[in-house]
Amino acid sequence: MEAPAASEPVTAIGDLPDVILSNIFALVRDTRSRNSLSLVCRKYLALERSTRSSLTLRGNIRDLYQIPTVFLRVTDLDLSLISPWGTDLLTTTVDPYHIAHRLRVAFPLVISLTVYARSYRTLQMLLPLWPDLSHVKLVRWHQRPQSPIGADFDTLFTNCASLLSFDLSSFYYYTEDLPPVLQSYPKISAALTRLDLLTVSLSEGFKSHEIRVIATTCSNLRELLVACTFDPRYIDFVGDHALLDIATNCPNLTLLHLADTSSLSNARADSEEDGFSSEDAGITREALVEVFSRLTMLEELVLNVCRNVRESGYALEVLSSKCKKLRTLELGHFHGIVMAIESHLDGLALCHGLTSLSIRNSADLTDMGLIEIGRGCTSLVKFEVQACKNITWMGMRTLTSLCRRTLVDVSISLCRNLGAAASLRSLDPIRDCIQRLHIDCIWEGLENCHEQEEAGWNFDLNKVIDDDSERQTKRLKYSSDLDGADDDSYSHSNGNGVLLKSWDKLRYLSLWIGVGELLVPLPVVGLEDCPSLEEIRIRVEGDCRGRQKPSVAAFGLSTLVRYPTLSKMLLDCGDAIGYALTAPSGQMDLSLWERFFLNGIGNLSLDELDYWPPQDRDVNHRSLSLPAVGLLAECLTLRKLFIHGTAHEHFMNFLLRIPNLRDVQLREDYYPAPENDMSTEMRMDSCCRFEDSLNRRLILD
């Protein structure tokens, strides 16, 4: 008899050469996945540590001297979320220079740094540790200290001779702080390639003369993002001259983002307005043509001016012909973007290479304009429409049908004719492939939803096509797309004879809802079956003052139980305004409103929750109430909880009842963040005691 053949050795991933394994490990971005890899064996531990290039420190500031020294390859370090949040390194009980030394030893190769800088002295301590820094992001939500003009930036430029990029989008400062420093350090300014000045806390944006200084000193910029003042009622507002200064001095720009400061706030426009602002912007069509002709390397363009830019179609045609690499475009208050005359493509519809398009406050955009955009921009992956009052679900549905092969991200808000039901009905052609969605929870018209839908099936795209043979072919193509979408408009039955619409690939859902409205109708309008939904963001906005007590006890979060994979929620009630203290007779204070908003959240299986409490603007008060803490403590599956406000220490102790809670932080990331010495809530000692109690518990994994 022949001897049995020896079994062939099994090849596992560990048998790959270390060079290949290192490349594989470097592609893993999820922190928990990397931590799991490091626990497999010593070889994997060494490979994981040697390939980790980015790290965010979340430990308590008093324990920084205990940080491990195994992440020697980290080049991107984030110190802005050190606990307690917003604490100045110089005010700690531990010697700050000892902390600085430990950071230098633990992370010797850092070239990108994010830091919360309450004052320029913090930068004086940290920046010399890494002389090769090329990117710096500064964070500050507290009020600007009484320091000399430009002190923060002077310290930055003095210590960072290799600086290529810096980000001030979350840093509160004065606009007059920056231009003198750029002029004082011409070599560093000329070497900058990216400058992010989209600071959301600025009350007034950069003026025309300040933008001129930025453009002339930073002539090699490739990415420029600026919060501007486009209002022509202000002296030195941003208009034609500022745009031409940018185009003339920074011809290599690939990203240009200019936004009025009012567009950066969370405040929504009046849904009843016609879309035209009260003033015209000081931007002419001729200036836009000149700017687009000079910036031929643009790949991303955002112009959100919050003032009327009329008859912009011709300028957009020049944009499409001169900027061949343009892929992302956002326009705010641009009117006349398409003419929509017969079947001729014009204006914005000629930008055939766009993959992302956002249209805001275009007062004269109609369904025929949307159809023309859909015919011209057939490669759209992301589409956003906001405050366009004359479009309906039929135009949106035709656009989504024309772009159904690529479109996976859609946002519809503040459109008078597009409530929740109409918005979802317009997305039927891409319901099987859409991954990210935002809609407004406007429940009007639910009673006649079915009748409108039946009438809408007869909307004829062919009316906009000519009768020649080429157009006949396109007619057949578009009609088949629409018919195919109709045939698949229902996915399966719920077992009771009722057909349900399924959003199979939807992973992210964003909702806006007004104060006093309920979330309960969400399944009724068409979002009953979302088997892959992982993350949801709900923004509640409105004035609670003057409103009567709701007739029901719960806002409707328990409605979300029907989404089996939902694990992350961002519940933003920060724009819900009410009485933090005693409310007038017959009205509810914020603690009762919080009970209304959070009732039922314990029924959800959430891993991560970001929560913004409602606020009292009169006293700058955003604090977690006792009913809110009690309801949050019922979320037994939570691992991460980030509260964007303040809380009392004895309230926070309720959260210790959550068995697997691993990470909790209070983040006052709104302007102005309350000063510690003025707050009666959590302070540094309170945070330390709570974190000690949290860390003493045994977490199984």
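**Strands**

I began with strand β18, which is joined by eight bridges to strand β19 (residues 568-577), the two running parallel. The model is a predicted one, and I kept that in mind for each entry below. At the level of single residues, I noted that Asp543 has Ile577 in β19 as its bridge partner. I then looked at the pairing of β18 (residues 535-543) with strand β17 (residues 508-514), where I found seven bridges and again a parallel course. Within that pairing, Leu509 is matched with Ile536 of β18.

**Asp543 again, and the salt bridges**

I came back to Asp543 for its side chain, which meets that of Arg545 in a salt bridge with an N to O distance of 2.9 Å. I checked how far each partner is open to the outside: Asp543 has 34% relative accessibility and counts as partly exposed, and Arg545, at 30%, is also partly exposed. I recorded as well that salt bridges with shared partners join Arg34, Glu48, Arg49 and Arg52 into one network.

For the structure as a whole I have 28 salt bridges. One of them is formed by the side chains of Arg58 and Asp663, at 2.3 Å from N to O. I placed Arg58 in the loop between β1 (54-56) and β2 (76-78) and Asp663 in strand β22 (residues 663-666), so this pair ties together parts that lie 605 residues apart in sequence. Asp663 has a relative accessible area of 17% and is therefore buried, the cut-off being under 20%.

Another salt bridge that I looked up joins the side chains of Arg140 and Asp152, at 3.3 Å from N to O. Here Arg140 belongs to strand β4 (residues 135-140) and Asp152 to helix α6 (residues 151-159), so the parts tied together are 12 residues apart in sequence. Arg140 is buried, with a relative accessible area of 0%, and Asp152 counts as buried at 3%.

**Aromatic pairs**

I have 16 aromatic pairs for the structure. In the pair of Tyr172 and Tyr174, the ring centres are 6.4 Å apart and the planes stand at 85 degrees, so I entered the pair as edge-to-face. Tyr172 is buried at 12% relative accessibility, whereas Tyr174, with a relative accessible area of 31%, is partly exposed.

Trp593 and Phe596 also make an edge-to-face pair, because their planes are at 85 degrees, and their ring centres are 5.8 Å apart. I found both residues in helix α19 (residues 590-598), where they are three residues apart, or about one turn of the helix, and both are buried. I noted separately a cluster in which ring pairs link Phe153, Phe157, Phe166, Phe171, Tyr173, Tyr185 and Phe206.

**Record and confidence**

In the UniProt record, which is an unreviewed entry, I found the feature "domain: COI1 F-box" at residues 16-53. Over that range I have 71% helix and 0% strand, with the end C-alpha atoms 22 Å apart.

The chain has a mean pLDDT of 87, and 88% of its residues reach 70 or more. Over residues 453-490 the pLDDT stays under 50, although the model has 58 contacts for this stretch beyond four places in sequence. The pLDDT is also below 50 over residues 493-499, a stretch with six contacts in the model beyond near neighbours in sequence. I leave such contacts uninterpreted, because predicted coordinates should not be read in detail where pLDDT is low.

Conventions
Residues numbered from 1 in each chain as written. Predicted model: local features only at pLDDT ≥ 70, side-chain atom pairs only at ≥ 80, totals over all residues. Heavy atoms only, no water. Salt bridge = Lys/Arg side-chain N within 4 Å of Asp/Glu carboxyl O. Helix = DSSP H or I, 4+ residues; strand = E, 2+ residues; numbered from the N terminus. Buried < 20%, exposed > 50% of the residue type's maximum accessible area, 1.4 Å probe, protein only. UniProt positions renumbered as here; feature names shortened; annotations may be inferred. pLDDT = per-residue confidence, 0-100. Contact = heavy atoms within 4.5 Å. Pairing = 2+ DSSP bridges. Phe/Tyr/Trp six-rings, centres within 6.5 Å; stacked < 30°, edge-to-face > 60°.
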